[in-house]
Amino acid sequence: MPLVNPLPADHDQETKELADFFNETLGFCPNSVLTMQHRPKISKAFINMNKAVMENKGRVTSALKRMIAWVSSNATGCRYCQAHAIRAAERYGAEQEQLDNIWEYKTHPAFNGAEKAALDFSLAASQIPNMVDENIKSELQKYWNEGEIVEMLGVISLFGYLNRWNDSMGTMIEKGAVESGKKYLEKNGWNEGKHS
């Protein structure tokens, strides 16, 4: 049972219009956003931040951004966000072999050096204490420019917010996200946990 119940999608018209963005990324408006509507300034600010972070300005693809989000969410343990991130990665064209082997990104040949560096950065930046060090920095800078690194850290930071929000709220997970979680993550122990 969630800490705070989501409000109907049409509770705040401006949030509803902004939330159309999620129909593309997930196929539905997330319950997290519907819960944020209890204070519409938060829901609107979050959606605008999400749009800014997920906008592609360099070589960091939409699919890679969602895989970065998955690694971050996996590091923090938020099952709600893990399922959302893997669903969005699928919808944005991540390769099937990458989706099937996201748990093994460090060693699996479906991931190239640049992707591994980005995902290692996500893992290190999502841990407490933060584990970004000179090795992470030098490997990241081999493949990515400063603007692209800013985009990646934007995703990691956005999901830091979402991981705390959804795990603390016990946000109820949507059917589509459950389907993606079961399809790609269940074989390694994923389940709905407190989000059912």
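## Tyrosine 105 and the aromatic pairs

Tyrosine 105 is buried in this predicted model. Its relative accessible area is 5%, and buried means under 20%, so the residue meets that cut-off. Phenylalanine 111 also counts as buried, because its relative accessibility is 3% and the limit for that class is 20%.

A search of the whole structure finds 6 aromatic pairs. Tyrosine 105 and phenylalanine 111 form an aromatic pair of the edge-to-face kind. A pair of aromatic rings is described by the distance of the centres and the angle of the planes. For tyrosine 105 and phenylalanine 111, the centres are 6.4 Å apart and the planes make an angle of 75°. The angle of 75° is the reason for the description, because planes over 60 degrees apart count as edge-to-face. Elsewhere, ring pairs join Phe21, Phe22, Phe46, Tyr161 and Trp165 into a cluster.

## The nonpolar core

The largest nonpolar core contains 61 residues. Among these residues, Ile68 and Trp144 touch the most other members. Helix H10 gives the most to this core, with a contribution of 9 residues.

Which residues does tryptophan 144 touch, not counting residues up to four places away in sequence? With those neighbours left out, tryptophan 144 touches Arg59, Val60, Leu64, Ala114, Ala118, Ile149 and Met152.

## The largest cavity

By the rule applied here, the structure has 1 cavity of 30 Å³ or more. The largest cavity has a volume of about 200 Å³. Two or more residues of its lining come from each of helix H2 (20-25), helix H4 (40-54), H5, helix H6 (79-91) and H10. H6 provides the largest share of this lining, namely 5 residues.

In total, 19 residues line the largest cavity. Leu26, Asn50, His84, Phe159 and Leu162 are the lining residues that lie nearest its centre. By class, the lining of the largest cavity divides into 13 nonpolar residues, 5 polar residues and 1 charged residue.

## The largest pocket

The space in the largest pocket comes to about 210 Å³. Helix H5 (62-76), helix H8 (113-126) and helix H10 (146-169) are the elements that give two or more residues to the lining of this pocket. The largest share, 6 residues, comes from H10.

The lining of the largest pocket consists of 13 residues. Those nearest the centre of the pocket are Thr76, Ser126, Gly160, Asn163 and Arg164. The classes represented in this lining are nonpolar, with 4 residues, polar, with 7, and charged, with 2.

## From H8 to H9

Proline 129 lies in the loop between H8 and H9. What kind of peptide bond joins isoleucine 128 and proline 129? The bond is a cis peptide bond, with omega at about -5°.

Serine 138 is located in helix H9, which covers residues 134-143. Is serine 138 buried, partly exposed or exposed? Serine 138 has a relative accessible area of 41%, and the class between 20% and 50% is called partly exposed, so serine 138 counts as partly exposed. Serine 138 and alanine 117 are 21 residues apart along the chain. The C-alpha atoms of serine 138 and alanine 117 are separated by 9.3 Å.

Notes. Residues numbered from 1 in each chain as written. Predicted model: local features only at pLDDT ≥ 70, side-chain atom pairs only at ≥ 80, totals over all residues. Heavy atoms only, no water. 1 Å grid on protein atoms, 1.4 Å probe; cavity = no way out; pocket = protein on both sides within 12 Å on 5 of 7 lines; lining within 4 Å. Points joined across faces, edges and corners; volume = space filled by probe spheres on them. Helix = DSSP H or I, 4+ residues; strand = E, 2+ residues; numbered from the N terminus. Nonpolar A, V, L, I, M, F, W, Y, C, P; charged D, E, K, R; others polar. Buried < 20%, exposed > 50% of the residue type's maximum accessible area, 1.4 Å probe, protein only. Core = buried A, V, L, I, M, F, W, Y, C linked by side-chain atoms within 4.5 Å. Contact = heavy atoms within 4.5 Å. Phe/Tyr/Trp six-rings, centres within 6.5 Å; stacked < 30°, edge-to-face > 60°.
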